[in-house]
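I opened my notebook to look through this structure one step at a time. Here is what I looked up, in the order I went.

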Amino acid sequence: MATPLEMLQKVQDKFSDNILKTSDRLGEATVSIERDCIVDLMNFLRDDTDLAFDFLMDLCGVDYLEMGGFERFGVTYHLYSMKYNHRIRVKAFIPETDPKIDTVSHLWHAANWAEREVYDMYGIGFNNHPDMRRILNPDDFEGFPLRKEFPAEGIGYRDNFEKIERLGAQ
Amino acid sequence: MGLESKLGDNIFTTQLDKFLNWGRKNSLWPMPFGTACCAIEFMSVMQNKYDLARFGAEAMRFSPRQSDLLIVAGRVSIKMMPVLQRIYRQMAEPKWVISMGACASSGGIFDTYSTIQGIDNFIPVDAYAPGCPPRPETLLDAIIKLQKKIETERSIHYK
Ligand code: SF4
């Protein structure tokens, strides 16, 4: 098992150019990166013999807006190693103007549906994803509900159904 | 029954209606459309403590074609609404709908883009059971109210 500092050091040595920030606050290793190196980094984390992150626990989108991220959007990955029982968090930042990042679904199949959910809710596209469609909302839904500017009540989809009348209404 | 269209509205058809309504109201066949927590409460209504069989409605059918009472228990999402409408259309006349719980009746606390704000916007509803979730007694009350309503129905309206 590697301590957070050891893990971060290893990542730092290899990807120093793309790392925005690292943190071991509360004993949790967190590394913030530029989106371009995501596949290389994930590949390294998975295949390095001392790290061996064989399990992608979760992957989710974040809309930072005014929360002080490096960019408007982020995708956060939580990795776990069954072998060593240690964890790491990876945050990739994505600019609003070009909301796209490479998929990691070829490294962990678990990423497939999670990435579709991020796409569905935040409109962040995943390059090379095998099946980039909406997963929760209807296919003809417009907008991305978890973006901060999307109104909680939606923009009318819930009111646009055909009304069925009672047969033989009195 | 087809008879009333020939005979029109006379003493014979009204007596026939009474008889039919008596039969219909005491043998409702519910089709549960349970999408959330309310459906759990609905299960307890079917069990022996509250026992819907006392009102003749214990024969649950999970096929809309075999049932005449649609009980919508739980929130209906925008993806589920077309399904609900389709199920409603598949049921044979005469048919009735109970909207169970705050969510089905009004969207409840879920004033969000994905939740229908009351199924009565899109399908006809005959009785509402308020509550979150409604107590079993409330649902029984809704069924009794529905039975009272069925008593007054006229088959002449179903042509
Ligand atoms: S009314 Fe309450 S109990 Fe019923 S589905 Fe809504 S939240 Fe659940």
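**Entry 1: naming the pieces.** Before placing any residue, I noted that helices and strands are DSSP runs, numbered from the N terminus. With that in hand, I could place Glu71(A) in the loop between β3 (55-63) and β4 of chain A.

**Entry 2: how far to trust it.** I reminded myself that this is a predicted model. I looked up the confidence of chain A and found an average pLDDT of 91, with 98% of the residues scoring at least 70. Within chain A, helix α1 (residues 4-15) has the lowest confidence, at a mean of 90. Strand β4 (residues 73-81) of chain A has the highest, at 95. I kept one general caution in the margin: where pLDDT is low, predicted coordinates should not be read in detail.

**Entry 3: surface patches.** Which residues form the negative surface patch? I found Asp17(A), Glu34(A), Asp36(A) and Glu71(A). I then checked the accessibility of Glu71(A): it counts as partly exposed because its relative accessibility is 34%, and partly exposed covers the range between 20% and 50%.

Next I looked for a nonpolar patch on the surface and found Phe55(A), Met57(A) and Met82(A), with about 280 Å² of accessible area together. Met57(A) lies in strand β3 of chain A. Its relative accessibility is 35%, so Met57(A) counts as partly exposed.

**Entry 4: salt bridges.** How many salt bridges does a search of the whole structure find? The answer is 18 over all chains. As a general reminder, side chains of opposite charge can pair when their charged atoms come close. I picked some pairs to follow up.

Arg35(A) and Asp98(A) came up as one pair, with their side chains meeting in a salt bridge at 3.2 Å, N to O. This pair links distant parts of the chain, 63 residues apart. Arg35(A) sits in the loop between β2 (30-34) and α2 (38-47) of chain A, and Asp98(A) in the loop between β5 (86-94) and β6 (100-102) of chain A. Is Arg35(A) buried or exposed? Arg35(A) counts as buried because its relative accessibility is 18%, and the cut-off for buried is under 20%. Asp98(A), at 34%, counts as partly exposed.

Then I turned to Arg116(A), which forms a salt bridge with Asp131(A), the closest N and O atoms being 3.4 Å apart. This pair also links distant parts of the chain: Arg116(A) is in helix α3 (residues 111-122) of chain A, and Asp131(A) is in the segment after β7 (125-127) of chain A, 15 residues apart. Arg116(A) is buried, with a relative accessible area of 7%, while Asp131(A) is partly exposed at 26%.

**Entry 5: a network.** I looked up Asp63(A) and found a salt bridge with Arg72(A), with 2.7 Å between the closest N and O atoms. Asp63(A) counts as buried at 3% relative accessibility, and Arg72(A) counts as buried at 10%. Asp63(A) and Arg72(A) are linked with Glu96(A) and Glu149(A) in a network of salt bridges.

**Entry 6: a look at chain B.** Where does Gly118(B) lie? I found it in the loop between α5 (101-106) and β4 (127-129) of chain B. Gly118(B) has a relative accessible area of 0%, so it is buried. I also checked its spacing to Cys103(B): the two residues are 15 apart along the chain, and their C-alpha atoms are separated by 6.9 Å.

Note on methods. Residues are numbered from 1 along each chain as its sequence is written. Chains are lettered from A and ligands numbered from 1 in the order in which they are written. This is a predicted model: local features need pLDDT of at least 70, side-chain atom pairs count only at pLDDT 80 or more; totals for chains, interfaces and linings use all residues. Side-chain values use heavy atoms; hydrogens and water are left out. pLDDT is the predictor's confidence in each residue, from 0 to 100. Helices (H or I, at least four residues) and strands (E, at least two) are DSSP runs, numbered from the N terminus. Patches are made of residues with over 30% relative accessible area and no salt bridge: like charges are joined within 9 Å, nonpolar side chains (Val, Leu, Ile, Met, Phe, Trp, Tyr) within 5 Å. Accessible areas come from the Shrake-Rupley method with a 1.4 Å probe; for residues, only the protein chains shown count as cover. A salt bridge is a side-chain nitrogen of Lys or Arg within 4 Å of a carboxyl oxygen of Asp or Glu. Lys and Arg count as positive and Asp and Glu as negative; His and the chain ends are not counted. The place of a charge is taken as NZ of Lys, CZ of Arg, CG of Asp or CD of Glu. Buried means under 20% relative accessible area, exposed over 50%, partly exposed in between (1.4 Å probe, protein chains only).
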